[in-house]
Amino acid sequence: MATPAVDNTPRVPSDIARSRVANFLSAGSNFYTMGIHRGLWVHRHSGAPHVELSVYSVPDLKRVPFKDAVSQTFKKVDQHERNYGPSWATHWFKIATTIPNIMNGKTVVFQWDMGCEGMVWTTDGIPMQGLTGGDGQERHEYIVTKKAKAGERHTFYIEAACNGMFGVGDSAMVPDPNRYFSIKTADLVVPDYEVQDLYYDLDIIKGIAYDTQNESPRAREAVWVINEVINQFILKDRGSIKRCKALTSEFLSVRNGQPKGQHQITAIGNCHIDTAWLWPYDETKRKIARSWSTQVDLMDRYPGYIFTGSQTQQYEWLSELYPSVFEKIKEKEKVGQWEIIGGSWVEHDTNMPSGESLCRQMVLGQRYFEKHFGKRAKIFWLPDSFGYSSQLPQVLKLSGCDYFFTQKLSWNNINKFPLTTFWWTGIDGTNILSHLTPADTYGASVTVAELTKCTKNNHDLEYSNESLLCYGHGDGGGGPTPEMLERLSRLKDVDGLPMVKSGKVLDFFQGIEKHSRGLQSYNGELYLEFHRGTYTTQALVKRGNRISEFLIRDVEILSTMATILAKSSNKKAEDSYAYPINDLEWMWKLLCLNQFHDCLPGSAIGLAFKDVHKHHREIISASLSLRHKAQSAIIDLRALSDDDKIQEGLVAFNTVPWERTEVIEVPRVRSVPGLGAAGYVAHTPDIPTIDAEIGAKAYKDDDGGYFILENQNLKATFNHDGQLVHLVDKKEPERQLIPNGARGNVLKLYEDVPIYWDAWDVEIYHLQKWKPIEGEASIKIVSEGPLKAELHFRQTISDKSWIEQTISLTCLSERLEFSNFVDWHEAHQFLKVEFVWDLVSDYATYEIQYGVLRRPTHYNTTVDSAKFEVCGHKFADLSEANYGVALMNNCKYGYATHGNTQRLSLLRSPKGPDENADMGEHKFKYAIYPHQGHFNASNVVREAIDFNVPLSLRYAEDQRVRSGTVLRPLFQVDPPTQIILDTIKPAEDDQGKGKVLVLRLYEAYGGKATALLKSRLSIKRILVTNVLEDDSDQELPRADEAGSFKLALRPFQILTLKVQLSA
Ligand SMILES: [Zn+2]
């Protein structure tokens, strides 16, 4: 099916479109020469020799018969030579015309306008017709001949009466005895019947546009048709006129009562079951069974009825706990009454899950549907999540979804979302056809009011005259009721209402794909102007999610390494290690479940979070144990032979795909290969000593006023409250980063009272009421260096809450790190940290999934200011052309940047629906990373990953440890700057054997990038695949005979590769 093109021009506001139409159709606008009127008549000729005028003016206001008049002497006159009057006088004109060559064979018309009334007479004295000038009821045309011959002469008379239609009065109708008239037009013309035909059509269509109900689908389409005619109209091009006429004919051919002109609504039954919200997961399992069994019963009673269900986790629970209901659903799906939809494991939040999580939601969901229903979901269905990441279009297209449905943006509390049916364009340029139901609900009841809203509230009627109505009670309500179905059966086709049919969502989307025209595209995130507190609420859930995501990643990478090592070693070793395929599937399902759109955002009840925390603890503890196992296997498989020197030592595992040199809690570690491991044997030269001169140091300045952390890269000066008063980047040219008098690391407590949705919302006015957390002046040096220099301070937040912070700088680091411990017992307070920089930029760059997003740093428009609190992943960067600072975090998601002020949101304290939300102890870290060059030329992405993925350390005994590189990298991206290798795991269908690996890479900065993918493994070939790991023929080209392949990625491209290893 051909996809409708994106309209690459901006949508024209309807009042502007209407004014354009009026100008085009006007006979007298300033833009006449560009309108249609100039084309109605062609070959215009006036004056001698083609039009010769002579006049006899009857004296004394007399009215004389034809024969008396024509027997008088007529005086030759030029058209503009004089005026005729006074009021009530009569002037007889003799018009002698000669047909110009160009009019040969044509119908020739004489146009006469002197602003008064007149009668046309033949030379034989036969009165032919009247002519009228002025007063909006003009009649100017007299047909001279229907088939003209060049050179032929036609003579006739016009008896002009010097009065208008309504006499000679002024505005009060009092006659003016001295009115005079002039000849404005006395022309021979030829009608352009094609253009006139088009004009008459347009005249009607304009009437429908202007003079029926303005907002009706027909009136809006009418404006669209005329606007489109104007776009097509080229007077000299007959083909263009024909195309215009085709547009008007098609519009006018729709007859009364015909479905074509009616708004078409597809109604789909659904029940939005929140996987946990005001109840725990266990109750959801019963809600699903209650709701879906009810729906299966309704399908039996109403054979045409169609229902849709999303969230494969819910299907899985049902199949385990209520297998008979699950079987019935499968039957109903086969006969077309049940539609599978969504494709993700749950209806997850899309702001906070990582790029890999977004992919795994789809892998788990689509594979489940394939296994149990033999097909995938084509529609991504997220009616209720709190805003939509701009990386989704690409992830969805790579996961088998062609369409996206939501309604949540109707909850915006500042700006109305401007589109209903549109192409949603992601950061990489991928388009996905999207629809926001104009009924503004996914829990409709099939009422006349809802049907009417589908029309009235539809922003894109002109381009797609169709809407989706999602009806049925959600959560405990069990979906559609018989009453709704009874109403639906009566509302199919009722005069005065849109037409409604029960149908599948897939049919609806395929319909708009076929019938729509010139849809707009909407670029970037679908930011929900609401629920901005959900990036921060329930901090432990956010932390659990972030840690779990990175630990699972560690486990996958290290387990893959261990599996491959085991495979390539002797048989015994292969028995000794098996890829933990079932554990990982269980962990991914658990992680994805807890990304549900009331869990990860923190908007559920405390009871639900007991489960979420438990699940995260389970994932973390299983990950740590699996990682330990994989590391042990690697150490064992890479152990030295028996005759080597026996020593104890340390192995550092690096799961990021680049080499790192870091200070760790044990001796300094140097050059740990990316995706590899390095060993450090006690008392060997591998552990360098640090010269105090170039090491990190913490000290007081001379008069004791300030505390300073300094290394070879940075010098940071703090006041007694731990606030950053100076920060110097010591690299050439040296740069002072904090403006005079400004400060960084300022902790602020904002009053946080939303309008209603407590856990969800932080409102725009919170920015107006805050106090700094300062005054305790407790800062002290806790470590003087040289490996690591540290300051520590404590601040009282209130009589119940306090914060302790350790600020550290290692001898190597370019990051200044802030480790926090907070005991938090507040109510309706919001803790943030703030940095003010000496930087100028009108946008900030935030990390999102597999890419970044720019957002404004100003409040110019309400669309800008509505983004006063936004979601970011591991960093937000503020860069001017050649310098910038990134504010990083290890488990936070709420950010705000205004002007040169960067804020990271730390803790909230809402009291509903969980009255204990966020009460208690919290640990989190943030860091600042100043960098030369703009963000685009920086290492921010890699630094933020390093900050979140510490080297993992293992002590090894006896022969097991070797000094230097223990394990060379499995894969390397060279250079590792723009293309990030994020995921390494066995392919889903590999069953953990380690024969086929999957790598997922992305371009992180938004520019085309090439690099080499190098591997020490013996690779048969590498295939380019999608998120679902579908088979493909596209091979990644080799760069050489060894293990090097050529990578070329588009901006923000997500590239999934299937690596087939040689046996
Ligand atoms: Zn929901």
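**Exercise 1. Find which residues lie nearest the centre of the largest pocket, and work out what lines it.**

*Solution.* Keep in mind that you're looking at a predicted model.

Step 1: Start in the middle. Glu662, Lys925, Asp946, Phe947 and Pro950 lie nearest the centre of the largest pocket, and the full lining counts 45 residues.

Step 2: Sort the lining by character. You get 16 nonpolar, eleven polar and 18 charged residues.

Step 3: Look for the main contributor. Helix H14 (residues 539-568) gives the largest share of this lining, six residues.

Step 4: Add the volume. The largest pocket holds about 1400 Å³ of space.

**Exercise 2. Now describe the second largest pocket: what is its volume, and which residues line it?**

*Solution.*

Step 1: The volume of the second largest pocket is about 750 Å³.

Step 2: Its lining has 24 residues, and Gln213, Ser216, Pro217, Arg218 and Gln262 sit closest to the centre.

Step 3: Check the elements. Helix H4 (217-232) and helix H11 (448-456) are the ones that give two or more residues to the lining of the second largest pocket. H11 provides the largest share, with four residues.

Step 4: Sort by character again. This time the lining splits into seven nonpolar, twelve polar and five charged residues.

**Exercise 3. Work out which residues coordinate the zinc ion, and what kind of site they make.**

*Solution.*

Step 1: List the donors. They are His272 (NE2), Asp274 (OD), Asp384 (OD) and His597 (NE2), at 1.9 to 2.1 Å from the zinc ion.

Step 2: Check the angles. Among the four donor atoms of the zinc ion they run from 90 to 155°. A tetrahedral site would need all angles between 85 and 135 degrees, and this site counts as irregular.

Step 3: Follow the donors along the chain. Their spacing reads H-x1-D-x109-D-x212-H. His272 is in the loop between strand E11 (264-270) and helix H6 (281-301), while His597 is in the loop between helix H16 (581-593) and helix H17 (606-637), so this pair ties together parts 325 residues apart in sequence.

Step 4: Ask about exposure. His272 and His597 are both buried.

**Exercise 4. Count the disulfides, then explain why Cys116 isn't in one.**

*Solution.*

Step 1: The count is zero.

Step 2: Compare distances. A disulfide needs two cysteine sulfurs within 2.5 Å. The closest cysteine sulfur to that of Cys116 belongs to Cys162 and is 5.3 Å away, so it's too far for a bond.

Step 3: Try another cysteine. For Cys592, the nearest cysteine sulfur is that of Cys359, 10 Å away, and Cys592 is in no disulfide either.

Step 4: Check burial. Cys116 is buried at 4% relative accessibility, and Cys592 is buried at 0%.

Terms used: Residues numbered from 1 in each chain as written. Predicted model: local features only at pLDDT ≥ 70, side-chain atom pairs only at ≥ 80, totals over all residues. Heavy atoms only, no water. Buried < 20%, exposed > 50% of the residue type's maximum accessible area, 1.4 Å probe, protein only. Donors = N, O, S within 2.8 Å, 3.2 Å for Na, K, Ca; no water. Tetrahedral: all angles 85-135°; square planar, octahedral: opposite > 155°, others 65-115°. 1 Å grid on protein atoms, 1.4 Å probe; cavity = no way out; pocket = protein on both sides within 12 Å on 5 of 7 lines; lining within 4 Å. Points joined across faces, edges and corners; volume = space filled by probe spheres on them. Nonpolar A, V, L, I, M, F, W, Y, C, P; charged D, E, K, R; others polar.
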